[in-house]
Structure formats: C-alpha cells, structure tokens
Amino acid sequence: MNDATAANIRDLESGITADFSEQLSYGAYLDLARLLSAQHPRSEPELHDEMLFIIQHQVAELWMKLLLHELQAARTAVARDELGLALKGLARVKHVLKQLVEQWDVLATLTPSEYAQIRPFLATSSGFQSWQYRSIEFILGNKNVDMLRVFDHDPDAKAGLAQLLEEPTLYDEFLRHLARAGYDVPTSVIERDVTAPYREVPELVDVFRGVYAAPTAQWGVYEACEELVDIEDLFQQWRFRHLQVVLRTIGHQQGTGGSSGVAFLKRALDLTFFPELYAVRSTIA
C-alpha cells in the first residue's frame, strides 16, 4: 500500500461503539429494517420506475407527519398565548414545506412513457386519498365534511379527520389570541362554526391594517401574520408543483382516484387559508 492510498483511509477511532449486542444502534432507533422494507412494487416483473414513485410518496407522507406534529403544537401554543413558541414551530413548518415543494423535482424526472407503464398498477389509489394531506388542510382552514366519506374504508383516519373538523384551526386560535390581546376581532369570528371552511371577514382587514401600520409596536403579531402568509405561499407552491408535474406526466387525463386531474388541482389554487392577510395588502399605501 503506497502513501497516497494510506492517506485516503480513515481509521476507526477507538472510542467508536462497534458492539451492539447490548447497545442501541442507529438502525434500531430508526426502525430501518421495517422502514426500508415498506416498498412493495405491484408490477411484475418489477418496473424500475415504480420504486421512485413509491418512495417519493412515502417520503412526502413522512414530511406531512412532521407538518401535522408542528402545526398542532403551534396551534396549542397560540391557544396558550405563547406566540413566540408558536413562531418557532411555524418557522420549522416553512422549512418542511420547502422540502415538499422541492421533492416534486425528483418525480418530474418520470417521463409520460415511464409513468404510463406503472400507472395500471396504481389501480384506484391516489394522493387524493392521503388523510394526512386532508388533515393539514383541515388544521389550516380548508375544511370539507364531504371529504370524510373518502375514508370510510379507514376508520382510524376518518376519526382523526372528524376530530380535526370539530377543532379550531390554527387561524381560529390566532384570531382568538388577538381578541384576548385587545384587538377588535368581531364576536362572530370567535363564535363561528369551526367545522365550516373559513370565509373572509371584512372587519378583520381593518384590524390587520392597524397591525401593518405600526409593526414595531406590535412586532409579535406582525411577525405571526407574515409567517402565516409565508406558509400559505409555500403551500400554494406545493399545490402548483403538484399540478405541473401531473400536467407534464399525464396531461389532462383523469386521475387514478377518479378526479378530473389537472382541472381538479387547478381549482385548489383558488383556495386560501388566511384571506384577510392577503386582502390587507390592497389597503396599504
């Protein structure tokens, strides 16, 4: 072995644990044996690109699990008037959403011809049926009781969605926080039916106009408003990238779950979680 080769070898340090007969290993802590064996392509013989499709969506579901974890914690913090703690969580939410937006680039490497080969094996399965995605939309404000029947086949998922349907959204809790802090939030907002999708309340635009007129005097609320706008912006990017990848892969064909595909995804771009935080921008001069 010459000196150049030897220089490229990194010796195992004496303090590194190598015996895991009684110690917790990395693989055991992360349950990697189960995680990495959870990919089950349906094509036979197995098509190369089906592994990409499966892993792409499994990774998205893991990120969504973390999104829900952070959004629920942020909602709890706001309900306790711990706005600083909530802002820390929302900052993490933004980074997770960026991961979800960017990972569409990986799936976009799947050409129409390649996807056409694996599509028959998806049968009627579709991302439309992701209960975690629906949960995220529910906690952010896009509630739709009709969505529950899509999960009749999965009682646990349906029960979780039903619970979120009955609970205040993150924005509901933020508006309640503002009311407790002395802002002129209409009583109708505080007492609204939280199972219904949120609708813009014109009086709230004036409340937020006051916040944006004097941000330094109410920095926490001002920052929270901008964090929420950032989250909606990123969520819309996530939706748009999904639409674009579907368009370049299957064009205007019907979705595997029976939706109209691109047309259905386009309608989602008209939905908004925090309407007053966008409406107020037209009043600032």
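## A walk through an all-helix model

Met64 has a relative accessibility of 5%, so Met64 counts as buried. This residue is a handy starting point for a tour of the structure, which is a predicted model. Met64 sits in helix H4. Leaving aside residues up to four places away in sequence, Met64 touches Leu100, Ser130, Gln132, Tyr133, Ile136 and Trp238. Gln39 is 25 residues from Met64 along the chain, and the C-alpha atoms of the two are separated by 18 Å.

### The overall picture

The secondary structure amounts to 15 helices and zero strands. Along the principal axes, the C-alpha atoms fill a box of roughly 75 × 55 × 40 Å. The protein has 285 residues, and 40% of them count as buried. Among contacts with a separation of 6 or more, 71% come from residues 24 or more positions apart. The accessible surface is about 16,300 Å², and carbon and sulfur atoms account for 54% of that area.

### Helix H8 and its surroundings

Three of the names on the contact list of Met64 deserve a second look: Gln132, Tyr133 and Ile136 are among the buried residues of helix H8. How much of H8 is covered? Helix H8 spans residues 131-140, and nine of its 10 residues are buried. Besides the three just named, the buried set includes Arg134, Ser135, Glu137, Phe138, Ile139 and Leu140. These buried residues pack against helix H4 (50-79), helix H9 (155-166), helix H10 (170-180) and helix H13 (219-250). After H8 comes Gly141, with a positive phi near 130°.

### A cavity in the structure

H10 and H13 come up again in the next feature. Searching the whole structure for cavities of 30 Å³ or more turns up one. The volume of the largest cavity is about 50 Å³. Which residues line the largest cavity? They are Val78, Leu83, Ala86, Leu90, Leu170, Phe174, Ala224 and Leu228. Helix H5 (83-102), H10 and H13 each contribute at least two residues to this lining, and H5 gives the most, with three.

### Loops with backbone features

Several loops are worth a look in the viewer. Between helix H3 (32-35) and H4 lies the loop that holds Pro45. A cis peptide bond joins Glu44 to Pro45, with omega about 0°.

Asp31, in the loop between H2 and H3, has a positive phi near 55° although the residue is not a glycine. Its relative accessibility is 31%, so Asp31 counts as partly exposed. Asp81, in the loop between H4 and H5, also has a positive phi, near 65°. Asp81 is partly exposed because its relative accessible area is 39%.

### Salt bridges

The structure holds 13 salt bridges. Here are three of them, with the distances between N and O atoms.

| Pair | N to O distance |
|---|---|
| Asp81 and Arg180 | 2.9 Å |
| Arg192 and Asp172 | 2.8 Å |
| Arg281 and Glu226 | 2.5 Å |

Asp81 thus returns, now as a partner of Arg180. Asp81 lies in the loop between H4 and H5 and Arg180 in helix H10, so the bridge ties together parts that are 99 residues apart in sequence. Arg180 has 44% relative accessibility and therefore counts as partly exposed.

The next bridge pairs Arg192 with Asp172. Arg192 is in the loop between helix H11 (187-190) and helix H12 (202-213), while Asp172 is in helix H10, so this pair ties together parts 20 residues apart in sequence. Are these two partners buried or exposed? Arg192 counts as buried at 15% relative accessibility, and Asp172 is buried with a relative accessible area of 3%.

In the remaining row, Arg281 and Glu226 meet through their side chains. This pair links distant parts of the chain, 55 residues apart: Arg281 is in the segment after helix H15 (275-279) and Glu226 is in helix H13. Both are partly exposed, Arg281 with a relative accessible area of 33% and Glu226 with 25%. Elsewhere, Lys94, Glu227 and Asp230 are joined into one network by salt bridges that share partners.

### A nonpolar patch outside

To finish, turn to the surface. Leu24, Tyr26, Tyr29 and Leu30 form a nonpolar patch there, and their accessible area together is about 530 Å². Leu30 belongs to helix H2 (residues 26-30). With 37% relative accessibility, Leu30 counts as partly exposed.

Technical notes
Residues are numbered from 1 along each chain as its sequence is written. This is a predicted model: local features need pLDDT of at least 70, side-chain atom pairs count only at pLDDT 80 or more; totals for chains, interfaces and linings use all residues. Side-chain values use heavy atoms; hydrogens and water are left out. Patches are made of residues with over 30% relative accessible area and no salt bridge: like charges are joined within 9 Å, nonpolar side chains (Val, Leu, Ile, Met, Phe, Trp, Tyr) within 5 Å. Accessible areas come from the Shrake-Rupley method with a 1.4 Å probe; for residues, only the protein chains shown count as cover. A salt bridge is a side-chain nitrogen of Lys or Arg within 4 Å of a carboxyl oxygen of Asp or Glu. Helices (H or I, at least four residues) and strands (E, at least two) are DSSP runs, numbered from the N terminus. Buried means under 20% relative accessible area, exposed over 50%, partly exposed in between (1.4 Å probe, protein chains only). Contact means heavy atoms within 4.5 Å. On a 1 Å grid over the protein atoms alone, a cavity is a set of points where a 1.4 Å probe fits but cannot get out, and a pocket is an open set with protein on both sides within 12 Å along at least five of seven lines; lining residues have an atom within 4 Å of a point. Grid points are joined across faces, edges and corners, and a volume is the space filled by probe spheres set on the points.
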